[in-house]
Amino acid sequence: MNRKLRLTLITSALLIPLAGGAYAAGDAAAGKGKAAACTSCHGANGEGNKEPNTKIAGLDSAKFTAAIAAYKSGEKKHMMMEMFAKKLSDADVADLAAYYASLK
């Protein structure tokens, strides 16, 4: 992971609690229902499908949320992820983060 990305993820993770309700704890069951679009690249259970489609199962909710925020802002580049991330509401992100964090 390059230094800029690492710094972005750490900064985002530190700022998330300050956002209040915007990133409240999500609903894992709701997230499972919303994860269909993720499965073609990240696998049915978030296990990842070869590089660059990383494993997201078990990913900490804050890290997941920070990564999606980076794709939404365009700071992190990946055409498909940017397109999907921009369609997600804060509630969608929180639910997906809770779901993937629950897959240990």
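A salt bridge here is a side-chain nitrogen of Lys or Arg within 4 Å of a carboxyl oxygen of Asp or Glu. With that criterion, Lys34, Asp92 and Asp95 are linked in a network of salt bridges, and the tour returns to them below. The model on screen is predicted.

**Whole chain**

Start with a cartoon of the chain. The secondary structure amounts to 6 helices and 0 strands, so from the N terminus the order of elements reads α-α-α-α-α-α by DSSP runs. Colour by accessibility next: 34% of the 104 residues count as buried. The exposed area of the chain is about 6,300 Å², and carbon and sulfur atoms supply 61% of it. For contacts with a separation of 6 or more, residues 24 or more positions apart account for 60%.

**Lys34, Asp92 and Asp95**

Select Lys34, in helix H2 (residues 28-34), and Asp92, in helix H6. Their side chains meet in a salt bridge at 2.9 Å, N to O. This pair links distant parts of the chain, with the two positions 58 residues apart in numbering. Now add Asp95. Lys34 also forms a salt bridge with Asp95, where the closest N and O atoms are 2.6 Å apart. Asp95 lies in helix H6 and Lys34 in helix H2, so this pair ties together parts that are 61 residues apart in sequence. Is Asp95 buried or exposed? Asp95 counts as buried, because its relative accessibility is 10% and the cut-off for buried is under 20%. Lys34, at 32%, counts as partly exposed. A search of the whole structure finds 2 salt bridges.

**Phe64, Tyr99 and Tyr100**

Move to the rings. The structure as a whole contains 2 aromatic pairs. One of them joins Phe64 and Tyr100, a stacked pair with 5.9 Å centre to centre and 25 degrees between the planes. Phe64 is in helix H4 and Tyr100 in helix H6 (residues 90-102), so the pair ties together parts 36 residues apart in sequence. Both Phe64 and Tyr100 are buried. Show Tyr99 as well: ring pairs link Phe64, Tyr99 and Tyr100 into a cluster.

**Thr65 and Ile68**

Stay on helix H4 and select Thr65, which has its place there. Thr65 counts as buried, at 8% relative accessibility. Which backbone oxygen does the side chain of Thr65 reach? The partner is the backbone oxygen of Ser61, at 2.8 Å.

Then select Ile68, also placed in helix H4 (residues 61-73). Ile68 is buried, with a relative accessible area of 7%. Display what surrounds Ile68: apart from neighbours within four places in sequence, the residues in contact with Ile68 are Met81, Ala85, Leu88 and Val93. To check one of these by distance, pick the C-alpha atoms of Ile68 and Met81, which are separated by 8.1 Å. These two residues are 13 residues apart along the chain.

**Met79, Met80, Met83 and Phe84**

For the last stop, switch to a surface view and select Met79, Met80, Met83 and Phe84. Together they form a nonpolar patch on the surface, with about 400 Å² of accessible area. Zoom in on Phe84, a residue of helix H5 (residues 79-86). Phe84 is partly exposed, with a relative accessible area of 32%.

Technical notes:
Residues numbered from 1 in each chain as written. Predicted model: local features only at pLDDT ≥ 70, side-chain atom pairs only at ≥ 80, totals over all residues. Heavy atoms only, no water. Helix = DSSP H or I, 4+ residues; strand = E, 2+ residues; numbered from the N terminus. Buried < 20%, exposed > 50% of the residue type's maximum accessible area, 1.4 Å probe, protein only. Contact = heavy atoms within 4.5 Å. Polar contact = N/O pair within 3.5 Å; in protein donor to acceptor, adjacent residues only side chain to side chain. Phe/Tyr/Trp six-rings, centres within 6.5 Å; stacked < 30°, edge-to-face > 60°. Patch = residues over 30% accessible without salt bridge, like charges linked within 9 Å, V, L, I, M, F, W, Y side chains within 5 Å. Areas by Shrake-Rupley, 256 points an atom, 1.4 Å probe, with all protein chains shown as cover.
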